[in-house]
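Me: Could you walk me through this protein with a few questions and answers? I am new to reading structures.

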Amino acid sequence: MTETAENVGAYAERLADAELTHRVSQFYFHEAELLDDGRFADWLDCFDDDLFYWAPLRTNRLRRQAALSVGVPGEAAYFDETKESLAWRIRRYDSGMAWAEDPPSRTRHLVTNVMVRHTGENQLTVRSAFLVYRNRLQTETDIYAGGRIDTLRVAEDGTFKVFKREIYFDANVLQAKNLSTFF
């Protein structure tokens, strides 16, 4: 299909304006900073109380079966979390019982390609790409690449809270020894 002025205009109407896109991007950059600084309890405040945090398993499929390559809720997943279960994991880190994070990992979260769309009153859908570098001890290094689809609620004061995060790793098999990193 060729792009006509009408098609481009209709597509652009669904996109958020530059100012809102910048504010959402800054929200994501702040979230990445909190994670990289190990401020997990503060990071948790970026989420709404009814959070759904999910990373489905992926499989390699033929092109005609592409729709089956991503798991659905209720099937096996890398993450199938709530705000409460994330809080439990964070408390476990702080307890010294999380041996996979003692000593703690060093991470660098890069977030890019932020696309913001209005999907309802006081609600945004945001697609973004991420690259997360993790290093622990002398030889443990992991790199995760993928995309996220978030649904954000916009409060009356203009702040954002994530109430749904879908994490799609580009790799269908993660090579890391553990998956203790937050995305």
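**Loops, core and unusual angles**

Me: Happy to start with a loop. Which residue lies in the loop between β4 and β5, with a positive phi near 55 degrees?

Reply: This is a predicted model, so let us read the angles as computed values. The loop between β4 and β5 holds a residue whose phi is near 55 degrees, a positive value in a residue other than glycine. Most residues other than glycine have a negative phi. The residue asked for is Leu137.

Me: Is Leu137 buried, partly exposed or exposed?

Reply: Buried means under 20% relative accessible area and exposed means over 50%. Leu137 has a relative accessible area of 41%. Because that value falls in between, Leu137 is partly exposed.

Me: What is the relative accessible area of Asn113?

Reply: Asn113 lies in strand β3. Its phi is near 50 degrees, a positive value in a residue other than glycine. Asn113 is exposed, and exposed means over 50%. The relative accessible area of Asn113 is 54%.

Me: Where is Pro103 found?

Reply: Most peptide bonds are trans. The bond from Asp102 to Pro103 is cis, with omega near 5 degrees. Pro103 is found in the loop between α4 and β3.

Me: Let us step back to the whole chain. How many helices and strands does the protein have?

Reply: From the N terminus on, the elements run α-α-α-β-β-α-β-β-β-β. Reading the α and β symbols along that order gives the totals: four helices and six strands.

Me: What radius of gyration does the protein have?

Reply: The C-alpha atoms fill a box of roughly 55 × 45 × 30 Å, taken along the principal axes. With 183 residues, a compact globule would have a radius of gyration near 16 Å, and the value for the protein agrees with this. That value is 18 Å.

Me: What share of the residues is buried?

Reply: Here the cut-off is under 20% relative accessible area. The protein has 183 residues, and this cut-off is applied to them. The buried share is 42%.

Me: Which helix supplies the largest share of the largest nonpolar core?

Reply: In soluble globular proteins, nonpolar side chains tend to be buried together. The largest nonpolar core here has 37 residues, and those touching the most other members include Val24, Trp43 and Leu152. Elements that each supply at least two residues of this core include α2 (18-36), α3 (40-44) and β5 (140-154). The largest share, six residues, comes from α2.

Me: Is Trp43 buried or exposed?

Reply: Trp43 is found in helix α3. Leaving aside its neighbours within four places in sequence, Trp43 is in contact with Glu31, Leu34, Leu35, Tyr53, Leu86, Ile90 and Phe182. Its relative accessible area is 0%, so Trp43 is buried.

Me: How far apart in space are Trp43 and Ser85, C-alpha to C-alpha?

Reply: In sequence, Trp43 and Ser85 are 42 residues apart. In space, the C-alpha to C-alpha distance is 14 Å.

Me: Which residue is in contact with Val24, Phe27 and Tyr28, and also with Phe160 and Phe163?

Reply: Neighbours within four places in sequence are left aside here. The contacts of this residue also include Asn122, Gln123, Leu124 and Val126. The residue is one of those that touch the most other members of the largest nonpolar core. It is Leu152.

Methods. Residues numbered from 1 in each chain as written. Predicted model: local features only at pLDDT ≥ 70, side-chain atom pairs only at ≥ 80, totals over all residues. Heavy atoms only, no water. Rg over C-alpha atoms; globule rule 2.2 N^0.38 Å. Buried < 20%, exposed > 50% of the residue type's maximum accessible area, 1.4 Å probe, protein only. Core = buried A, V, L, I, M, F, W, Y, C linked by side-chain atoms within 4.5 Å. Contact = heavy atoms within 4.5 Å.
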